[in-house]
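Okay, hi everyone, thanks for making room for me today. Have a look at the model on the screen, and I'll talk you through a few parts of it.

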Amino acid sequence: MKDTPLIVQSDRSLLLDVHHKDSEECRKDLIRFCELVKSPEHMHTYRISEISLWNASSEGLGGDAIVETIRKWSKFSPPESVLFFVRDISSRWGSLVLTESDDENHYLLTVLIEKIRLEIRHRKELMKLLVVKDEHSFLVERYMRGELKLRLIKLGYPVDDQIPLSKGPPLLFDKRKATLEGEPFVVRSYQSQAADALLGDLGRGRGFGTIVLPCGSGKTIVGLEIMSRLKTNTLIVTTNVVAVHQWMREILDKTTLTSEDVGEYTGNLKERKPVTVCTYQVLTYRKSKTAPFAHMDLLTKGEWGLIIYDEVHMLPAPVFKVTAELQATFRVGFTATLVREDGREDEVFSLVGPKRYDVPWIELQQQGFIAQAYCHEIRLDLPKELELEYALATKRQKYRIASENPLKIDVVRSLIERHSDDFILIIGQYIDQLEEVAELFELPIITGSTPNAKRDELYSVFRSGEIRILVVSKVANYAIDLPDASVAIQISGTFGSRSEEAQRLGRILRPKGRSSFFYSVITRYSSEEEFSANRQKFLAEQGYSYEIEVWE
Amino acid sequence: MSHEQLKTLLEQYNDEEYFFLARNYLGLIESPFHKEHITSRLVAFFALEENRKKILSLLDSFDQAIITALLFSGPLRFEQLATLLEGFHPYGKLLLRVANLRERMIIIATDKMLVLNPLLEEHLYRFASLTPLFGAEDSTIHIYPFSYREFLQAILTLAERPSRSFFRKEYETLFPTIQSVDLPAIFETIHTSFIKLGIIIEDPHRRVNWQRAHDLFLLDDRRLKAMMLSRHFEGDKEAALNTCCNDVVCILEDVETLSTSGLERLSQALSLKHHIKSCDLASVLLGLGLLVKAKGAYRHVFYSQNEQAASFVVDSDYSVSYLGSLDADSLLFRFAALETLDRTRLWRITEERLRSALDGGVGYDEIKAYLRKHVNGTLNTALVKSLDLIAERSKQVQIYDGLVLHTDERVSRIVEQLPALQEHILDRLSPTIFLMSRAQERLWRQILVQAGLSLGSTKGELAHTSEAETQEYPALDWPDDLQRPKRIQRTVEIPPVMRDETIREAIMKKNYPKEAEEDLLERFEERLIISKTQLAPQILYTRIEAGGFDYQGKISLAKQASSKEGTVVQLFMGGEEVMALALELTYTPNKEALFKVAILPQMETRVIPLSKIFLLRQIKMLFL
């Protein structure tokens with residue numbers, strides 16, 4: 001047994017003892033060929049997957065070098081099956097190569113191994129996309145490039161896509177050294193590293209992928225860094241209009257681009273400018289279920305040199321399909337929570353691109369780049385008069401009764417008093433409940449029905465400090481930047497959604513010189529307890545512990 | 001002790017055999033009337049270290065196989081030995097070799113049982129080799145980085161998951177070191193063992209008897225494996241079953257890799273040794289996870305007995321990980337769910353498992369104390385609080401054989417108000433105790449669960465204890481005196497036989513009469529002469545045979561053999577050479593002699609014209 005920080009398991013997971021003196025050095029080696037699965041306080045789990053190995057191969061890190069690294073850091077002799085897997089999977093890289101062909105409508109897929117060629121020829125679903133060119137190669141229509149790569153990777157054959165990404169129309173601008181308000185603007189080291197990880201030397205195999213960073217760690221800045229390195233027309237797709245405005249505000253605040261260059265493409269406004277920010281909603285809008293997507297051509301015919309998918313884990317299905325056709329464009333996906341409740345993470349990462357950068361939440365917290373957050377779960381009883389109603393209700397009704405427990409109001413009141421100096425978000429799922437809270441405490445409220453202008457206004461006054469408490473529905477779950485918020489009180493949520501919990505915590509993670517507090521208020525002895533436990537899983541895996549308080 | 005044993009054995013020989021051996025080893029015997037003295041001299045001859053060394057130096061690989069079989073199985077009848085060594089050498093050759101070993105006093109045959117010379121037995125272990133008998137050529141074992149106890153504990157924790165099938169596909173990820181194709185059979189076999197040991201009760205819902213599980217897991221790995229195995233053999237002699245299974249576990253460790261035929265042979269050997277009906281040993285051993293099949297051979301699975309786990313790492317996601325093995329009476333598996341059984345064991349403390357532990361009689365304070373003792377550093381306060389609440393909740397509704405006992409007002413209010421429940425309440429004994437209808441327990445339980453209450457099992461179910469629970473199960477305290485059998489080495493290469501040529505030269509130089517010299521040389525070749533002290537001009541080794549054109553000789557020999565029951569003859573007929581028991585000599589009307597024999601070992605009766613027999617030889621085989 002060596003005094004090293006890594007234990008390699010037979011299921012290809014690698015356990016890193018973060019308290020070991022060499023753990024940081026080891027981590028730097030691991031992220032080149034592993035994915036971070038979870039990072040609680042003591043033992044971080046990484047996993048070797050086909051995709052992670054092929055990413056490493058595409059960057060020149062071969063199977064033998066990976067095996068050597070594993071051996072170097074492993075406390076015990078690593079399982080032979082893992083080393084075999086690494087060598088076997090890594091060796092597949094380079095067997096299928098996609099290049100330009102003489103025909104302007106097609107690309108050329110060259111398959112160097114006979115066995116794979118035979119398999120491809122025998123698979124009808126693949127041959128629908130391909131035309132046999134000669135003994136070793138096939139032609140594929142240009143727009144099927146992504147689809148072909150996706151299908152082949154699912155069969156275990158990665159395609160070495162050597163077609164350089166197209167450079168879009170140039171756009172001359174720079175980052176500012178100081179913001180419009182005169183604050184110095186410096187890109188943090190991890191933000192710069194994330195951009196490096198995506199773009200590399202801009203050679204083949206680079207320029208697309210996903211960046212995973214905690215909420216509040218400044219993914220927008222990473223986006224600006226990438227934009228400023230590529231200096232090309234850019235489309236940014238995000239989750240809602242408020243987030244659109246935030247992006248635009250940040251671009252204007254931190255780059256030399258002007259409002260002439262930056263446009264909004266939403267339900268309200270349809271501007272097409274060199275940098276355009278739009279929502280997923282507008283892209284997938286259509287008049288009827290069978291009608292075409294009215295604005296999808298913004299994505300497909302925009303001659304974009306770069307597409308940024310904000311909160312990429314929310315990518316809706318129609319955009320998946322179009323994304324598959326946009327394989328020639330530089331693209332990046334941002335997310336904090338690598339979980340989709342529909343389990344389609346793999347497809348997202350196959351189409352947008354593999355995970356290029358990930359960093360443990362707690363590490364950024366320790367470095368002060370995101371706020372130190374304390375999570376509490378407050379449990380309280382149902383009022384006696386609701387006990388029978390709850391007992392007789394269906395499962396779904398039970399959850400709602402528990403979520404809308406009227407005694408939660410008292411908890412909210414106490415917490416508001418406890419945090420009399422803090423900026424507070426009261427977040428919930430049920431509008432009636434939120435409206436009751438807003439009315440009772442005379443607080444402003446933002447829900448799905450709040451006009452965008454009103455939302456902007458309320459967020460703005462919250463940011464400016466004119467109001468200290470804001471009641472919000474799930475519309476504020478994602479991509480809303482409220483730098484001063486330091487307390488979140490969650491009074492109800494979407495069943496067991498792990499990403500929602502993390503994103504809600506994320507609203508208060510901007511560093512602000514004080515700690516943040518996240519309260520999840522739930523009804524004791526109800527199904528809310530179970531859902532709550534599931535909701536907390538993702539954050540628990542990032543090292544957050546919930547203190548449980550029972551309020552009698 | 002062994003001297004006396006040998007004396008006793010020799011005393012059982014008839015005079016013919018006895019004096020053959022005495023004359024061969026001691027030279028001329030002047031008077032046959034002092035057998036006691038002669039026996040002492042014989043014993044002294046074999047006790048002499050020099051002679052013993054010579055006997056052992058003359059062993060060859062054929063001898064080795066026979067000796068190994070007898071060392072492993074203990075005394076056997078020849079037919080049993082022949083069955084065990086089937087495929088090694090033709091039956092006739094084996095018969096002759098056993099006869100030879102008997103003359104070499106390595107094997108003693110009394111009462112038709114073959115036993116090893118007690119003066120040599122201890123020394124023969126150095127020459128015995130498991131591989132030729134049971135093993136495969138390439139020997140590689142399969143290593144799992146956890147103990148067998150942990151493996152069984154991990155499987156047992158899954159038993160409580162609500163599922164008709166004991167195995168579920170999703171379990172594959174929990175055991176990454178084990179081939180997923182093997183897991184269904186492993187679960188099935190272990191399930192069978194658990195049921196037969198009374199640890200799992202399927203009646204009709206699956207339950208675990210944790211007290212018996214606790215007793216089982218107090219056994220060390222060897223005894224644990226043997227106990228699991230013992231339930232697959234048939235037999236009512238518990239002691240024999242125990243010893244047999246103990247032998248199996250030990251021999252797997254010793255032999256490491258078994259060939260397909262070797263495993264069958266092992267099964268036969270065990271059956272012979274312990275007089276119990278064997279099972280489909282291959283399936284059972286594969287199923288218990290004691291063997292894996294790879295590259296055409298069965299490979300022993302080595303479960304690592306790591307050092308005791310120093311401490312647990314409990315993380316914010318309530319995962320518990322550790323290196324090393326847990327104590328025999330570890331509680332972790334009672335309240336945590338398995339995540340991965342590998343080099344690092346990963347468990348997660350879940351509400352479901354904690355409630356199961358509490359429901360199964362583990363005290364909450366015991367669990368907390370256990371965690372505090374084993375966790376590296378301070379126990380996460382959030383975890384403790386969470387566990388406190390689960391423990392508290394588990395006490396809210398307790399069902400005692402038809403009585404609902406609730407501990408707080410909230411539950412009593414619900415019970416009191418639920419309309420559907422009212423018809424099942426027979427009486428309210430106190431504000432918090434309800435007498436419920438036992439016959440409708442299933443219904444009112446359902447109503448309570450639908451109302452959002454979580455219920456544990458019914459305690460103290462005396463009135464309708466199931467048949468499975470009242471059944472008598474084997475004791476789980478394995479006898480302390482059951483030791484590991486003496487180890488037979490896996491592979492021992494026997495060097496070529498080197499006869500002491502000075503003895504041959506001495507025979508030639510002595511100018512013995514020709515017949516005596518030939519007899520001595522023949523005995524020397526047969527490895528019966530090992531010392532010059534044996535040299536004496538006597539004829540002991542005369543072959544009784546007739547062949548070629550000596551038709552009358554053959555008739556005479558056939559008649560003589562047939563007249564004595566159990567006489568073995570060797571017949572050479574054209575290309576055929578068989579061993580047979582002589583039965584009868586008859587004649588055709590044309591006066592042609594017919595020899596009726598029973599061909600060994602099948603005892604197939606054949607009538608052979610004597611003219612067809614080229615050579616007829618009588619063999620002294622008193623061990624048949």
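Before anything else, one definition: I call two residues in contact if their C-beta atoms, placed from the backbone, lie within 7 Å. Also keep in mind that this is a predicted model.

So, chain B and its contacts. Looking at contacts with a separation of 6 or more, 63% of those in chain B are between residues 24 or more positions apart.

What about the overall dimensions of chain B? Its C-alpha trace spans about 115 × 60 × 45 Å along the principal axes. The radius of gyration of chain B is 35 Å, while a compact globule of 624 residues would come in near 25 Å. As for what chain B is built from, there are 26 helices and 24 strands. And of its 624 residues, 37% are buried.

Let's zoom in on one helix of chain B. H5(B) covers residues 61-73, which is 13 residues. From first C-alpha to last, H5(B) reaches 18 Å, close to the 18 Å expected at 1.5 Å a residue. Which residues of H5(B) are buried? Quite a list: Asp63(B), Ala65(B), Ile66(B), Ile67(B), Thr68(B), Ala69(B), Leu70(B) and Phe72(B). Then, just after H5(B), you get Gly74(B), with a positive phi of about 85°.

Now swing over to chain A, where there's a sheet to look at. This open sheet has 7 strands with parallel pairing, and the order in chain A is S19-S20-S18-S21-S22-S17-S23. Why is one side of S19 and of S23 in chain A left without a neighbour in the sheet? Those two strands stand at the edges, each with a single partner strand, so there is no neighbour on one side of each.

Inside that sheet, take S21 (residues 485-490) and S22 (residues 516-523) of chain A: they run parallel and are joined by 4 bridges. One pairing to find on screen is Gln490(A), whose bridge partner in S22(A) is Ser520(A).

Last stop, the place where the chains touch. Chain A puts in 29 residues and chain B puts in 26. On the chain A side, the elements giving two or more residues are helix H16 (384-392), helix H23 (537-541) and strand S23 (546-551). H16(A) has the largest share there, with 5 residues. Sorted by class, that side of chain A has 13 nonpolar, 7 polar and 9 charged residues.

That's my tour, thanks for listening!

Key:
Residues are numbered from 1 along each chain as its sequence is written. Chains are lettered from A and ligands numbered from 1 in the order in which they are written. This is a predicted model: local features need pLDDT of at least 70, side-chain atom pairs count only at pLDDT 80 or more; totals for chains, interfaces and linings use all residues. The radius of gyration is taken over C-alpha atoms; the globule rule is 2.2 Å times the number of residues to the power 0.38. A residue is buried if 20 or more other C-beta atoms lie within 10 Å of its own, exposed if 12 or fewer, and partly exposed in between; C-beta atoms are placed from the backbone. Ala, Val, Leu, Ile, Met, Phe, Trp, Tyr, Cys and Pro count as nonpolar, Asp, Glu, Lys and Arg as charged, and the others, Gly among them, as polar. The expected span of a helix is 1.5 Å times one less than its number of residues. Two strands pair if DSSP finds at least two bridges between them.
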